[in-house]
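User: Could you walk me through how the labels used for this model are justified?
Analyst: Gladly, let's take them one at a time.

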Amino acid sequence: MLDDMVAAIETRSAQGIAAAIGRLVSGGDLPVGTRLPTVRELSAALHVSPTTVSEAWKTLAAVGAIEPRGRLGTFVRRPPGPGTGQRYRRVTEGPGHFELDLSTGTPDVALLPDLQPIVAEVSRQSLTSTYVDRPVLPDLWEHLRAAWPFPPEELTVVDGAMDALDRIARVVVRLGDRVVVENPTFPPALDLLDHLGAEVIGVGLDSDGISLAGLAAALEANPSMVYLQPRAQNPTGITMTAKRAKAVARLLAASSAIVVEDDHSGDIASGTLVSIGTWLPERTVHIRGFSKSHGPDLRLAAAGGAASVIDAVTTRRLIGPGWSSRILQSVLLALLTEPGPVGQVETARVEYGHRRATFVQALGQHGLEATGTDGINVWVPVADERSALVQLAAQGIGVAPGEPFMVNRDGDHLRITIGLVDSTGDAIERLAAQVAEAAGVRTLVSG
Ligand SMILES: Cc1ncc(COP(=O)(O)O)c(C=O)c1O
């Protein structure tokens with residue numbers, strides 16, 4: 001192997017060595033798991049200094065092509081690419097033609113605010129004069145800052161909460177870093193962290209939020225990032241209490257991790273928003289989503305907090321899209337400030353709360369204790385995930401399997417987006433009976 005590598009290296013600089021080995025890895029000539037020669041062996045064979053080879057190794061490790069494993073040596077790593085995104089795919093891979101598809105995690109379109117009057121107003125404006133305008137419309141910036149759960153050092157608007165998480169994680173997380181997440185959590189976040197080559201540590205939740213004992217243990221691994229969902233946690237529907245948030249902040253104060261909070265449900269969450277940024281503003285980045293409250297196709301979210309992170313995100317974005325459409329930002333500002341849409345979102349929040357509570361209560365009457373005190377999702381324990389999915393699918397009902405949400409498998413679950421089921425009539429009660437049956441628990445109350 002050493003001879004083949006030497007033959008493939010045309011330019012004996014750090015860059016030339018990295019490029020040649022990179023080509024061997026992506027071409028499959030050095031398969032995943034191959035142990036590479038030591039720095040000393042390769043430098044001797046190439047007649048270059050060990051520093052040159054070690055710089056090449058660093059470049060290859062930074063792009064995820066190779067992985068140093070201490071005394072064991074350096075190995076070819078599975079490259080990010082087609083293999084990633086798998087968890088998310090597993091949530092959405094159902095047949096897609098259910099009579100009632102509750103697998104999606106999306107809001108009820110009937111409860112989204114009406115865009116028509118607002119779009120008509122915005123169409124008469126010209127909102128961008130140069131490519132170097134500030135990325136956020138000044139009035140929207142002021143509105144968001146005033147509504148932020150703590151005074152943000154910096155604030156920006158990007159294309160959705162997931163885009164915010166992606167951009168922030170790319171700034172904060174380096175290959176091999178540890179990242180703490182709630183277990184279970186949002187599958188695309190796990191896919192993203194896999195893609196970045198992070199080592200994910202899952203910490204369980206109770207009804208008040210992330211477990212303190214679990215978090216304390218995880219922080220010993222010195223993570224670079226802690227990803228939390230303070231409200232309507234997806235999939236469990238748990239909202240963190242103020243008391244828990246304070247205790248979490250106390251633990252985090254002793255670490256150097258950046259806290260990334262994803263308030264993806266925003267205005268349709270009914271719990272009081274608490275933020276770790278209240279105590280650690282210079283190390284917290286808070287994301288506020290608008291997809292659930294104002295519509296996924298607005299593709300907007302705000303991210304604010306630690307300037308060290310937000311500035312890096314906006315600077316990097318200048319060599320990409322630059323900003324999120326100011327036309328859409330202007331629509332969002334109107335949606336957040338005009339009484340009509342504000343009232344519609346308030347109605348949606350109340351209605352979601354009603355749907356969720358009705359469902360959880362009805363499941364309880366069938367002896368099934370589900371989690372879900374906020375947002376549009378309910379997390380239901382089942383005896384066997386696969387057979388519950390199949391049984392519900394046979395009745396035309398799609399739900400999400402629990403497995404893709406899990407870092408460490410802890411029982412079988414379903415995530416059900418109950419926010420999509422109208423509460424008029426007895427549709428929710430009938431659904432609860434079907435879910436309880438599929439969950440394989442004994443029915444305590446019949447009928
Ligand atoms: C926890 C979490 N983060 C992010 C998102 C994606 O939000 P957005 O549509 O704003 O990208 C979702 C959507 O379900 C979510 O549940």
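**Reading the labels**

Analyst: In this predicted model, Met162, Leu165, Asp166 and Ala169 of H8 meet Pro188, Ala189, Leu192 and Leu193 of H9. By class, that contact holds seven nonpolar, no polar and one charged residues.

User: What makes Asp166 count as charged?
Analyst: Asp is listed with Glu, Lys and Arg as charged, so Asp166 falls in that class.

User: Why is H8 called roughly parallel to H9?
Analyst: Helix H8 (residues 161-172) and helix H9 (residues 187-195) pack at an angle of about 25 degrees, with their axes 11 Å apart. Angles under 35 degrees count as roughly parallel, so the label fits. As for handedness, H8 passes H9 in a right-handed crossing.

User: Which residues touch the most other members of the largest nonpolar core?
Analyst: They are Leu165, Ile168, Met225, Ala303 and Leu332, in a core of 67 residues. H8 gives the most to this core, with seven residues. Leaving aside neighbours within four places in sequence, Ile168 is in contact with Val260, Val285, Ala303, Val309 and Val313. Another core, of 39 residues, lies apart from that one and includes Leu363 and Ala439.

User: And how do you know whether Leu280 is buried or exposed?
Analyst: Leu280 has 21 other C-beta atoms within 10 Å. Buried takes 20 or more, so Leu280 is buried. Leu280 sits in the loop between strand S10 (258-263) and strand S11 (284-289). Not counting residues up to four places away in sequence, Leu280 touches Ala249, Leu252, Ala253 and Val259.

Note on methods: Residues are numbered from 1 along each chain as its sequence is written. This is a predicted model: local features need pLDDT of at least 70, side-chain atom pairs count only at pLDDT 80 or more; totals for chains, interfaces and linings use all residues. Axes are lines fitted to C-alpha atoms, for helices over the stretch in contact, and angles run from 0 to 180 degrees between N-to-C directions. Helices (H or I, at least four residues) and strands (E, at least two) are DSSP runs, numbered from the N terminus. A crossing is left-handed if the near helix is turned anticlockwise from the far one by less than a right angle, and right-handed if clockwise. Two residues are in contact if their C-beta atoms, placed from the backbone, lie within 7 Å. A nonpolar core is a set of buried Ala, Val, Leu, Ile, Met, Phe, Trp, Tyr and Cys residues joined through C-beta atoms within 7 Å. A residue is buried if 20 or more other C-beta atoms lie within 10 Å of its own, exposed if 12 or fewer, and partly exposed in between; C-beta atoms are placed from the backbone.
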